[in-house]
Amino acid sequence: MTATTLLQMAERDGVRVGFSPSGGLKASGPRDALAKWLPELRAMKPAIAAAVAQVSDAARRCGVCGQLAHFGYGVRLRQGEEGRWFCAAHRPPVDGTA
Ligand SMILES: [Zn+2]
């Protein structure tokens with residue numbers, strides 16, 4: 001499983017993953033979803049950080065307010081698709097097409 005796939009699967013369960021400015025992995029969401037995904041997220045943290053850094057190098061901005069965006073949607077790195085990006089306040093419902 002790639003880090004990107006892991007992020008998408010966790011996100012489908014309502015888990016939000018981001019990184020603090022100091023580089024720490026931050027995840028929030030339903031308790032049972034966190035219990036399910038956090039160990040895997042932690043185990044793959046370096047790969048996740050690399051995947052996130054790959055797309056955040058260009059300083060992704062929220063499509064609504066223009067602030068730094070930590071949540072990408074429709075991101076398929078292998079296909080070179082960068083998807084749409086949103087900050088925590090403007091991220092769309094998780095129910096949307098992934
Ligand atoms: Zn925003």
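User: How do I read long-range contacts here, and what share of the contacts with a separation of 6 or more joins residues 24 or more positions apart?

Analyst: The idea is to ask how far apart along the chain two contacting residues sit. In this predicted model, 32% of the contacts with a separation of 6 or more link residues at least 24 positions apart. For one pair of residues, look at Pro46 and Ala3: they are 43 residues apart along the chain, and their C-alpha atoms are separated by 8.9 Å.

User: Is Pro46 buried or exposed, and why?

Analyst: Counting neighbours settles that. A residue counts as exposed if 12 or fewer other C-beta atoms lie within 10 Å of its own. Pro46 has 10 such neighbours, so Pro46 is exposed. You will find Pro46 in helix H3.

User: Which residues form the largest nonpolar core?

Analyst: Look for buried nonpolar residues that connect to one another. Here the largest such core has 10 residues: Ala3, Leu7, Ala10, Val15, Val17, Trp37, Leu41, Ile48, Ala51 and Val52. Helices H1, H2 and H3 each supply at least two of them. Across the protein, buried residues make up 19% of the 98 residues.

User: Val17 is in that list. What is the bridge partner of Val17 in S2?

Analyst: To read a strand pair, follow the bridges from one strand to the other. Val17 is partnered with Ala27. Strands S1 (residues 16–19) and S2 (residues 25–28) run antiparallel, joined by four bridges. Five residues lie between the strands of this hairpin, where Gly23 takes a positive phi near 100°.

User: And what is the order of elements from the N terminus?

Analyst: Read along the chain and you get α-β-β-α-α-β-β, which comes to three helices and four strands.

Methods:
Residues are numbered from 1 along each chain as its sequence is written. This is a predicted model: local features need pLDDT of at least 70, side-chain atom pairs count only at pLDDT 80 or more; totals for chains, interfaces and linings use all residues. Helices (H or I, at least four residues) and strands (E, at least two) are DSSP runs, numbered from the N terminus. A residue is buried if 20 or more other C-beta atoms lie within 10 Å of its own, exposed if 12 or fewer, and partly exposed in between; C-beta atoms are placed from the backbone. Two residues are in contact if their C-beta atoms, placed from the backbone, lie within 7 Å. A nonpolar core is a set of buried Ala, Val, Leu, Ile, Met, Phe, Trp, Tyr and Cys residues joined through C-beta atoms within 7 Å. Two strands pair if DSSP finds at least two bridges between them.
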